[in-house]
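Please open the model in the viewer and keep the sequence panel visible. The tour proceeds by selections, from a single residue outwards to the chain, its domains and the ligand.

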Amino acid sequence: MTSKNIVIVGGNAGGGLMAGRLSKMLPKDQVNITVLDKLGRVEFQPSFTYVALGNRTEEQVSKDFTYMGRENVRPVKAEVTKVDAANRTVYTNNGQFKYDILVLSPGVQLNDSKFKGYEDTYHFWDMASALKLRNAISKFKKGKIVISVASPIYKCPPVPWEFSMMLHEYFKNKGLRDNVEITVAHPMGRQFEMFGSNIADPLGDWMSEMKINGHYKFLPVYADPVKHELVGQNNESIKYDLAIVSPIQTAPDFVTSNDDLKSKVGWADANYNNFRNSKYDDIYSIGDVISPTLGMGMAGAFTHFEADTVATFIANDIIGSYLTLPFNPVAMCAMEGGSYGWVAYCDFGKKLKDPAYAFNDCTLMGRGRIYKMLHSVYEKYYYATILRGRV
Ligand SMILES: Cc1cc2nc3c(=O)[nH]c(=O)nc-3n(C[C@H](O)[C@H](O)[C@H](O)COP(=O)(O)OP(=O)(O)OC[C@H]3O[C@@H](n4cnc5c(N)ncnc54)[C@H](O)[C@@H]3O)c2cc1C
């Protein structure tokens with residue numbers, strides 16, 4: 001039997017998990033798995049906020065992606081520039097790759113320079129920016145910090161509020177909290193609105209206790225580096241001494257420029273049941289790059305379950321008979337909340353079937369110091385087990 005070529009684009013959360021799963025599930029002599037990644041690093045992105053506050057180093061939360069290599073998994077550092085779906089070929093800056101099955105998990109493209117005045121702002125949506133922000137925060141002693149987002153779609157929807165609470169704790173521990181004003185300025189109508197009122201209500205109370213300001217229905221259009229103001233759509237402006245603004249986030253260029261890969265909303269095309277492309281059933285897409293297509297937020301929790309489902313469909317394609325796993329549309333988020341941690345559990349099943357459904361199916365599972373440990377536990381677990389295909 002000739003072995004099948006599986007090419008995975010993106011070797012981080014979704015692609016790394018997929019390679020580990022497939023390598024475990026499929027007979028070694030039946031598949032060659034190639035993982036293409038432009039960075040060549042596996043990064044635990046939920047810890048970028050910790051990097052920005054000096055609680056983690058770059059080395060603690062990222063690894064060279066060759067560590068996921070094994071007998072039938074070949075990691076190749078290469079940037080994908082084009083996919084020719086009709087001829088099953090991926091073009092990169094490091095050669096061409098033929099596939100029998102293609103999995104896309106390239107995440108989002110961060111377009112920093114599309115936000116006017118971005119040079120006067122900071123963010124933590126990638127490693128280099130988190131390190132730059134760390135430097136700025138370590139020198140910050142007094143003034144206004146504003147956290148905002150330059151596009152309504154961005155990775156990890158609750159993270160602006162989570163980071164505001166981490167900043168509260170950071171400055172409190174330094175004895176500087178009274179000197180620092182913290183504001184979240186966001187296009188939504190209230191804090192943590194995406195979780196529904198079961199979460200938004202108590203979190204609003206905690207933010208009030210921490211004296212964190214909320215400025216809502218505000219989407220900055222540009223930053224004025226002279227006046228140090230974020231200016232919104234109605235010329236409304238917010239003063240800052242330090243602005244943290246997520247960059248405008250889109251699907252990568254090789255997706256947006258390809259009608260075969262692109263959905264109606266401009267992100268990767270995939271159906272909700274098995275994440276196949278609607279024109280080409282040998283292409284699957286998972287992770288952040290399909291979240292806007294499905295109407296979901298961008299979270300590693302979804303990416304994980306999508307990879308689980310797709311791996312079983314690929315095993316079925318290759319072996320001919322494999323019990324496929326339906327997608328589990330739930331997410332459990334362990335979040336930081338000042339001195340405490342907290343955990344939200346959400347079930348997106350109804351929302352995915354009916355986008356008009358008024359989503360509020362989240363539950364606050366608990367708040368306490370013990371939950372602060374969950375993030376660290378998961379971080380260790382991620383490298384030790386998940387990316388090695390051990391669970
Ligand atoms: C600050 C922050 C906090 C977060 N907190 C949480 C949290 O608490 N809980 C949670 O569930 N999720 C969280 N997330 C979101 C989570 O990290 C993402 O949802 C997850 O990483 C998505 O996985 P992915 O595989 O789709 O994309 P990514 O993990 O971003 O991986 C994409 C990979 O593709 C590569 N790539 C991109 N374009 C190309 C190309 N053209 N050619 C080759 N390679 C390419 C990239 O180098 C990258 O390695 C957070 C994210 C951030 C930034």
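In which helix does Phe302 lie? Select Phe302 in this predicted model: the residue belongs to helix H8.

**Phe302 and its surroundings**

Display the neighbours of Phe302 next. Is Phe302 buried or exposed? Phe302 counts as buried because 24 C-beta neighbours lie inside 10 Å, and the threshold for this class is 20 or more. Leaving aside residues up to four places away in sequence, Phe302 touches Ser291, Met296 and Ala331. Then draw a distance from Phe302 to Phe327: the two C-alpha atoms are 9.2 Å apart, while the residues are separated by 25 positions in sequence.

**The whole chain**

Zoom out and colour by secondary structure. The chain contains 10 helices and 23 strands. Its radius of gyration is 21 Å, close to the 21 Å that the globule rule gives for 391 residues, so the chain is as compact as a globular protein of that length. Along the principal axes, the C-alpha atoms fill a box of roughly 70 × 45 × 40 Å. Of the 391 residues, 43% count as buried. Among contacts with a separation of 6 or more, 66% join residues that are 24 or more positions apart.

**The two domains**

Now select residues 4-108 together with 251-327, which form domain 1, and give residues 112-248, which form domain 2, a second colour. The C-alpha centres of domain 1 and domain 2 are 30 Å apart. Where the domains meet, 15 residues of domain 1 and 19 residues of domain 2 take part in the contact. Which element gives the largest share of the side of domain 1 that touches domain 2? That element is H2, with four residues. By class, this side of domain 1 has eight nonpolar, four polar and three charged residues.

**The ligand shell**

Finally, centre the view on the ligand and display the residues around it. There are 36 of them, and Gly10, Asn12, Gly14, Gly107 and Gly287 come nearest. Highlight helix H1 (13-25), strand S2 (31-37), helix H2 (48-52) and helix H8 (300-319), the elements that give two or more residues to this shell. Helix H8, where the tour began with Phe302, is thus visited again here as one of those elements. Colouring the shell by class shows 19 nonpolar, 12 polar and five charged residues. With the domain colours restored, the shell can be seen to draw at least three residues from each of domain 1 and domain 2.

Note on methods: Residues numbered from 1 in each chain as written. Predicted model: local features only at pLDDT ≥ 70, side-chain atom pairs only at ≥ 80, totals over all residues. Near = placed C-beta within 6 Å. Nonpolar A, V, L, I, M, F, W, Y, C, P; charged D, E, K, R; others polar. Domains from an automatic or database assignment. Rg over C-alpha atoms; globule rule 2.2 N^0.38 Å. Buried ≥ 20, exposed ≤ 12 C-beta atoms within 10 Å, placed from the backbone. Contact = placed C-beta atoms within 7 Å.
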